[in-house]
Each structure stands twice: as structure tokens, then as C-alpha cells.
Amino acid sequence: MEGKSRGRSARLRFQIASRREFERLKASDPKTLTDLERAARFLYLQRLAFGGKVAGRNFGIDRTQPARFNIVKLASTLEAIHERLSGVVIEQLPWRNFIDRYDHPGMLFYLDPPYWGSEDDYGKGAFDRSEFTEMAERLESLKGRFLMSINDTPDIRTIFGRYTMDAVPVTYSISRGAPSRCGEFLISSPER
């Protein structure tokens, strides 16, 4: 088994950006890989996925730029990520549990829920539309503070209207067409 794993790792050194390899890795079962192989697979797929999507990944290219996956730069990229995350604890909890566990005076939460109307973009059932209302209510009793980014819709204005809302123009450029201007909100705790 060790030789098989070493063979997989050695192949990564010679990995190039290709649609065929993208589709092969996308279809592969990550449970058959070591932790490092899963991380390399994830990075490869994310760097080459259209818009960086996790669910419903499609091979994405930009005819004006080189491939975003470059094995020559992988080591320095991973070193930079490691340095940036040094001393950081990564949690994988439902948002409610995370807030309950870490809420205290002086804490700042950055919330980035799925956009209204795009709740299934991170996986079917990962975030239900009813959770927006629940989140708005939970934030009222927050001991710390929060900043949230979300798309500007009438429903979001209604649900989070009790908080400070700053409209921010954003340009989306992940589609094949011309970049489009959209509205987003930065919603934050009221001043105390």
C-alpha cells in the first residue's frame, strides 16, 4: 500500500492542467486517498473549477490567462497558506454551534452565508432559506460583533433591516459574458 500511495504522490509532481484529468479526479472517490492526496485533489479541482465552485464543479478556462493550477508554484503556495494559517484553529461546525461556542465580548464574526436564491450552491440542503431569519434573530443576542456580506434583495432588506446595512456595488466577472454590476450589502452589528 505504501508503494501505491508513493506512486500517486509522485504523479502529482508531473500534474498538468487538463480537462481529462479534472474529470478523472472529480469522479474519483476521495475516501481512497490519503489526507495529503485528498488535499492535492481538492486544490487541483478548486484551482481549475469554473468560479471555484465546490458543488457542481465544471472545468473552467480563461483564454487570456495561463492555467490556474501550476505544480511549479504549488510548494510556495502551500507554504504561504501554511504560514498564513499558523496558529489558526479551523472548525467545521454548523453556524449556530460555532456562534454559541465562540461568542464573547470582543469577538468579531464574519458571516458569509449563501446568497439569497443560491442556498443550494454549496450542496443540497447545506443551508435552508429559513436559516436567514433564524440567523437574524440569533445575532440580536450576540455578545460580540459581526460583519456579514450578502446579496441585496428585498427579502434580505426585510430580514436584516434591524442592523446597519451598507450597500456596496460589486462586479461579477466569472461568467463568459461581460462583467456585471450587482448590489451587495455589508450588514453589521449596531454601534454599542
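Here are some friendly notes on this predicted model, point by point.

1. **Overall layout.** Let's start with the fold as a list of elements. The protein chain has 7 helices and 4 strands. Going along the sequence, their order is α-α-α-α-α-β-α-β-α-β-β. Of the chain's 192 residues, 28% count as buried.

2. **Helix α4 and what follows.** Helix α4 covers residues 71–85. Its 15 residues reach 21 Å from the first C-alpha to the last, close to the 21 Å expected at 1.5 Å a residue. After α4 comes G87, which has a positive phi, near 85 degrees.

3. **A nonpolar patch on the surface.** Which residues form the nonpolar patch? They are L78, I81, L85, V88 and I90, and together they have about 450 Å² of accessible area. As background for the spacing of such positions, an α-helix has 3.6 residues a turn, so residues three or four places apart point the same way. One member of the patch, I90, sits in the loop between α4 and α5. I90 is exposed, because its relative accessible area of 68% is over the 50% cut-off.

4. **The largest pocket.** If you rotate the model, look for the largest pocket, with a volume of about 830 Å³. It is lined by 20 residues, and those closest to its centre are E91, L93, W95, Y110 and D112. The elements giving two or more residues to this lining are α5, β1 (108–111) and α6 (130–140). Helix α5 provides the largest share, 4 residues.

5. **W95, a residue by the pocket centre.** W95 belongs to helix α5 and is among the lining residues closest to the centre of the largest pocket. Is W95 buried or exposed? W95 counts as buried, because its relative accessibility is 15% and the limit is under 20%. The C-alpha atoms of W95 and L111 are separated by 8.8 Å, with the two residues 16 apart along the chain.

6. **Salt bridge between α5 and α6.** The whole structure has 12 salt bridges. In one of them, the side chains of R96 and E131 meet at 3.0 Å, N to O. R96 is in helix α5 and E131 in helix α6, so this pair ties together parts 35 residues apart in sequence. The two partners are covered to unlike degrees: R96 is partly exposed, with a relative accessible area of 28%, whereas E131 counts as buried at 9% relative accessibility.

7. **A second link to α6.** R138 forms a salt bridge with D103, and their closest N and O atoms are 3.7 Å apart. Why does this pair tie together parts that are 35 residues apart in sequence? The reason is where the partners lie, R138 in helix α6 and D103 in the loop between α5 and β1. Both R138 and D103 are buried.

8. **A bridge within one loop, and a network.** R129 and E119 also meet through their side chains in a salt bridge, at 3.1 Å, N to O. R129 and E119 are each in the loop between β1 and α6, 10 residues apart. R129 is partly exposed, with a relative accessible area of 38%, whereas E119 counts as buried at 9% relative accessibility. Elsewhere, salt bridges that share partners join R96, E131 and E134 into one network.

Conventions: Residues are numbered from 1 along each chain as its sequence is written. This is a predicted model: local features need pLDDT of at least 70, side-chain atom pairs count only at pLDDT 80 or more; totals for chains, interfaces and linings use all residues. Side-chain values use heavy atoms; hydrogens and water are left out. Patches are made of residues with over 30% relative accessible area and no salt bridge: like charges are joined within 9 Å, nonpolar side chains (Val, Leu, Ile, Met, Phe, Trp, Tyr) within 5 Å. Accessible areas come from the Shrake-Rupley method with a 1.4 Å probe; for residues, only the protein chains shown count as cover. A salt bridge is a side-chain nitrogen of Lys or Arg within 4 Å of a carboxyl oxygen of Asp or Glu. Buried means under 20% relative accessible area, exposed over 50%, partly exposed in between (1.4 Å probe, protein chains only). The expected span of a helix is 1.5 Å times one less than its number of residues. On a 1 Å grid over the protein atoms alone, a cavity is a set of points where a 1.4 Å probe fits but cannot get out, and a pocket is an open set with protein on both sides within 12 Å along at least five of seven lines; lining residues have an atom within 4 Å of a point. Grid points are joined across faces, edges and corners, and a volume is the space filled by probe spheres set on the points.
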